Amino acid sequence: MPLGSTAARSPAGEYLIRGATVLTMVPGPATPAGDDVHVRDGLIVAIGPKIAAPAAIPIDARGSIVLPGLVDTHWHLWTTLLRNFADNSSGNGYFAMTGRLGQRFGPDDMRLAAMLAAADAIDHGITTVHDWCHNIRSPAHARAALAGLRDTGLRARFSYGATRETAFDQPLGAKGFAQLHDSWSEWSADGRLTLGLGWRGVLATVDGRPAAVPDAVWRADLALARDRDLPVSVHANNSAANRGHIRQLAALGLLGRDMQIVHAVNAEPDEIAAIAGSGASVSLAPSSEFTVGFGVPPVAALRRAGVRIGASIDTPTLVGAADLLRELLMIQGLANAQAGDEMAMTPLDALAIGTREGAASLGLGQVTGTLSPGKRADLIVVRRDALSLQPQADPATTLLRSVRPSDITLVMVDGAILKQDGRLTRIDRAALFADVGQATDRMMRDAR
């Protein structure tokens, strides 16, 4: 099967994960060691000691930590096929390079990039991704990207965005978006995939300078989502040229609980207050924000205002591996540094951003992000017997600071096992590597 395609589907079954330290990420006291997690038909049935489930497949997790799968809140998945291509040289920075090579992507490249990103996500314990897709060059490109996501078993939000070449004074293709939404039952994978809008907002950046998006254009684009009760995500206050974007959104009364603000690195106090008052969320990607020169996200100020925060890979073109725990550790460091207090954000607080809070920021808080009966079974099992994890200490601190992909022994989404004992169960690594190698050779030739 081409394009690193998946192995035979492993349906959700019944499992009993035995004897673990369970971090449910539900607010309140931590669950003690020695608990079991019972999963059946894609749902968490029960959590507690010595659960009787004779029909379940047992999974020995003694000495391990079980927690909800990590939730990425903003990732341009198609750029994963250009990982490490941006080298900060003149003409080959992130925006120039991805803009140039993105035009050469065909539908097969979009599917391959989604599968490569999904494989990396699963390996790192990410069970939900938000694909902010701004390289949809045809309906076939969108369908291919979605097919890659659907087949890998991940939970995902797919935000439909305009390409880089779409002029800021031209609206998004309404017909393509409407057709995709009208046929969403083909892509939803029983609710695992959801649709949203990658909106350009009211303030564009053209040649490094701010430019007002025409009123008729941004209104038409925004209506595509809000007329269909779909969530909206917008990059705002992400660069010096985009400063004040959130203020304009607030003045126009456009902020709301259905809106996610991406980056917000230069948000002023009044803008942060407006976000908090509206119930909108913010997605932070410190590694890429530092590398691309956007600035330092105001983590402490956002938290003081009560803004819901999610963590983001953004683009492997800039950050390399899909290590969301690294982003959470950086968010914790920024919170503490900006507050001048080592205790401002605890490791458990940071893990909440990568699980419970991230899921809630995507409107998925009733589905995933915590482990409790009735929630979908999106979880990971982390071993603690590696040398780099010794001595064994507080589970949340260990997870945030020391865990590597090889320590994540099991990844489950919707009750289906996607990684077990270091092996991806639905993705053929060898076929994927071969397909990526061929695509990379072509991309490198095109990059010259």
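Entry 1, burial. I take a residue as buried when its relative accessible area is under 20%. I am working from a predicted model. My first lookup was Y94: its relative accessibility is 8%, so Y94 counts as buried. I then looked up F95, which comes out at 45% and therefore counts as partly exposed.

Entry 2, the rings of Y94 and F95. I checked how these two side chains sit against each other. Their ring centres are 5.0 Å apart and their planes stand at 75°, so I noted the pair as edge-to-face. I also found that Y94 and F95 belong to one aromatic cluster together with F294.

Entry 3, other aromatic pairs. How many aromatic pairs does a search of the whole structure find? I got five. One that I wrote down is W78 with F105, an edge-to-face pair with 5.3 Å from centre to centre and 85° between the planes. I looked up where the two residues lie. W78 is in the loop between strand 6 (70-71) and helix 1 (94-102), and F105 is in the loop between helix 1 and helix 2 (107-123), so this pair ties together parts that are 27 residues apart in sequence. I recorded both W78 and F105 as buried.

Entry 4, strand 1. I turned to residues 14-22, which make up strand 1. Is this strand mostly covered or mostly exposed? I found it mostly covered, with eight of its nine residues buried. Next I went through its partners.
- I found strand 2 (residues 35-40) antiparallel to strand 1, with five bridges joining them; A20 has D35 in strand 2 as its bridge partner.
- I found strand 4 (residues 57-60) parallel to strand 1, with four bridges between them; R18 has D60 in strand 4 as its bridge partner.
- I found strand 5 (residues 65-68) parallel to strand 1 as well, joined by two bridges; here T21 stands opposite I65.

Entry 5, salt bridges. I searched the whole structure and found 24 salt bridges. I followed up three pairs and one network.

I began with D123 and K419, whose side chains meet with 3.0 Å from N to O. Which elements hold these two residues? D123 is in helix 2 and K419 is in strand 18 (residues 416-420), and the pair links parts of the chain 296 residues apart. I noted that D123 and K419 are both buried.

I went on to E165 and R137, which form a salt bridge with their closest N and O atoms 2.6 Å apart. E165 lies in the loop between strand 8 (155-161) and helix 4 (174-182), while R137 lies in the loop between strand 7 (126-133) and helix 3 (139-152), so I have a pair tying together parts 28 residues apart in sequence. I found E165 partly exposed, at 38% relative accessible area. R137 is also partly exposed, and its value is 28%.

The third pair I looked up is R228 with D182, a salt bridge of 3.0 Å from N to O. I placed R228 in the loop between helix 5 (215-226) and strand 12 (232-236), and D182 in helix 4; they are 46 residues apart. Is D182 buried or exposed? With a relative accessible area of 59%, I have D182 as exposed. R228, at 28%, is partly exposed.

The network I noted links R155, R376, D378 and D414 through salt bridges.

Entry 6, nonpolar cores. I looked up the largest nonpolar core and found 114 residues in it. Which residues have the most contacts inside this core? I noted F158, W199 and I261. Helix 2 gives this core its largest share, eleven residues. I also noted a second, separate core of 17 residues, whose members include Y15, V66, V381 and I417.

Entry 7, contacts of F158. I listed what F158 touches, leaving aside neighbours within four places in sequence. Among its contacts I found D131, C133 and I136, then A142, A145, L146 and L149. Further along the chain I noted L180 and W184, as well as T194, L195 and G196.

How values were computed
Residues numbered from 1 in each chain as written. Predicted model: local features only at pLDDT ≥ 70, side-chain atom pairs only at ≥ 80, totals over all residues. Heavy atoms only, no water. Buried < 20%, exposed > 50% of the residue type's maximum accessible area, 1.4 Å probe, protein only. Pairing = 2+ DSSP bridges. Phe/Tyr/Trp six-rings, centres within 6.5 Å; stacked < 30°, edge-to-face > 60°. Salt bridge = Lys/Arg side-chain N within 4 Å of Asp/Glu carboxyl O. Core = buried A, V, L, I, M, F, W, Y, C linked by side-chain atoms within 4.5 Å. Contact = heavy atoms within 4.5 Å.
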